[in-house]
Amino acid sequence: MGGLDRARLVAVAGLAALAVAGCGGGDDPASRPQRQVERKQQALTEAQAELQGQTAAFCRSSATYIKSLDRYGDLLARSEPTVGDVKEAGADLTEPRADVLSSAEQVRSAREKVATAERELADAYAALASVKPSTSVPPPASPAPTPPGTAVNRVKQADADFTAASAAITDGTPVKQASEDFNAAAVALEMSWIKLFTDAGCLPEDQYEQARAAARDYTLALQKSLAEAGYLKGEVDGVYGPATVEAVQALQKENDLPVTGTVDKATDAALRADLRAKGGAEADQDIAATAAVQQTLKLAGYWPGPVDGNWTDALTEALKAFQTSLHVEPTGEVDAATIAAVERGLAQRSASPATTPSAVPSK
């Protein structure tokens, strides 16, 4: 065999050996799992980019839709619905509503793709670590904020309720009832969309924190008012939870309003009216109680002023002087010790001849 033939034979043998080594046990056992990790990482990156794009589109469309819906709900900008608004009953929202709901579903689908890609990447890392123990496995990724299924379903239910309420309004519906029913359904729908909007991460972090703080402040004020009016039995904690919803519903039932659990115009007016009525009753009770103290002190010779139900500093000093004469601590308040001392004095007086009241102390 010539030299050229021998050289060709050696070259062919070398190539064959390399090919065999590539298919057999000479290959690095971590190379294939490493390539799988790289592919899964690329798939996750693409899924995340799709989710980011779908979320941005949803945020734009839902922001526009909420502004349009606020024409009927009046949560963001106060206005009065016209008869035309009530009769149209949101017909102008039909097309944008379909678009934004479709966008929400696309976000949810994109989020599911990201979740799948994250799981597959985690499995690829686990396979690599099994053959290469020194592999640094990244921690699980935090799920991106997206519209959860329950929030989307809540929006759909509120939308159906709004449509039903609108359809129930006819030319024969009293204007007051039509306005109350229409606004109640619109507020419930707008609230559900605002919740979905924030859950999707559509607000920048600083605005989100501001919105959370504003929502908590509003809820605290609402809960305090509901508690003062006697509707809230639970804790005033700034959380618009089941107890607050039940309190609002009780208020609505008491005032023959649509029972939604959200505070619309009519519900707000009813709560304010209840507070005014309760405040007036409490004020009357306070006046009566003060007048009773003035009358008692006048009979005892300690109050030269009028019996007008107006508590003044002079009345406090007169009460302290009266308490001193009764040998109780001069607190300036009608406490249990003072009442007990007065009762003892009355009992003693009824058992003995009438006495002349003590002189009025100098003020």
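This is a short walk through one protein chain, from its overall make-up down to two residues.

Okay, let's start. What you see is a predicted model, so keep that in mind throughout.

First, the whole chain. How many helices and strands does the protein chain have? It has 11 helices and zero strands. Read from the N terminus on, the elements go α-α-α-α-α-α-α-α-α-α-α. The chain has 363 residues, and buried residues make up 32% of them. Now the contacts. Take those in the protein chain with a separation of 6 or more. Of these, 56% are between residues 24 or more positions apart.

Next, a pair of helices. Two packed helices are described by the angle between their axes and the distance between the axes. Our pair is α7 and α9. Helix α7 covers residues 205-228, and helix α9 covers residues 265-300. Their axes come within 9 Å. They cross at roughly 50°. What do we call that arrangement? An angle from 35 to 65 degrees is neither roughly parallel nor roughly perpendicular, so α7 and α9 are oblique to each other. And the hand of the crossing? For α7 and α9 it is left-handed.

Which residues meet there? From α7, we have Leu222, Ser225, Leu226 and Glu228. From α9, we have Leu271, Leu275 and Lys278. By class, this contact has four nonpolar, one polar and two charged residues.

Keep Leu222 and Leu226 of α7 in mind. They come back now, with Thr244. Where is Thr244? It lies in helix α8, residues 242-254. Is Thr244 buried or exposed? Its relative accessible area is 1%, and the cut-off for buried is under 20%, so Thr244 is buried. Who touches it? Leave aside the neighbours within four places in sequence. Then Thr244 is in contact with Leu222, Gln223, Leu226, Leu232 and Val239. Look at Val239 again. The side chain of Thr244 reaches the backbone oxygen of Val239 at 3.4 Å.

One last residue, Ser192. It lies in helix α6, residues 175-199. Its relative accessible area is 7%, so Ser192 is buried too, by that cut-off of under 20%. Again, leave aside the neighbours within four places in sequence. Which residues does Ser192 contact? They are Arg154, Val155 and Ala158.

To recap. The chain has 11 helices and zero strands. Helices α7 and α9 are oblique to each other, with a left-handed crossing. Thr244 is buried, and Ser192 is buried. That's it from me.

Methods: Residues are numbered from 1 along each chain as its sequence is written. This is a predicted model: local features need pLDDT of at least 70, side-chain atom pairs count only at pLDDT 80 or more; totals for chains, interfaces and linings use all residues. Side-chain values use heavy atoms; hydrogens and water are left out. Axes are lines fitted to C-alpha atoms, for helices over the stretch in contact, and angles run from 0 to 180 degrees between N-to-C directions. Helices (H or I, at least four residues) and strands (E, at least two) are DSSP runs, numbered from the N terminus. Angles under 35 degrees count as roughly parallel, over 145 as roughly antiparallel, 65 to 115 as roughly perpendicular and the rest as oblique. A crossing is left-handed if the near helix is turned anticlockwise from the far one by less than a right angle, and right-handed if clockwise. Contact means heavy atoms within 4.5 Å. Ala, Val, Leu, Ile, Met, Phe, Trp, Tyr, Cys and Pro count as nonpolar, Asp, Glu, Lys and Arg as charged, and the others, Gly among them, as polar. Buried means under 20% relative accessible area, exposed over 50%, partly exposed in between (1.4 Å probe, protein chains only). A polar contact is a pair of N or O atoms within 3.5 Å; within protein, one must be able to donate a hydrogen and the other to accept it, and residues adjacent in sequence count only if both atoms are side-chain atoms.
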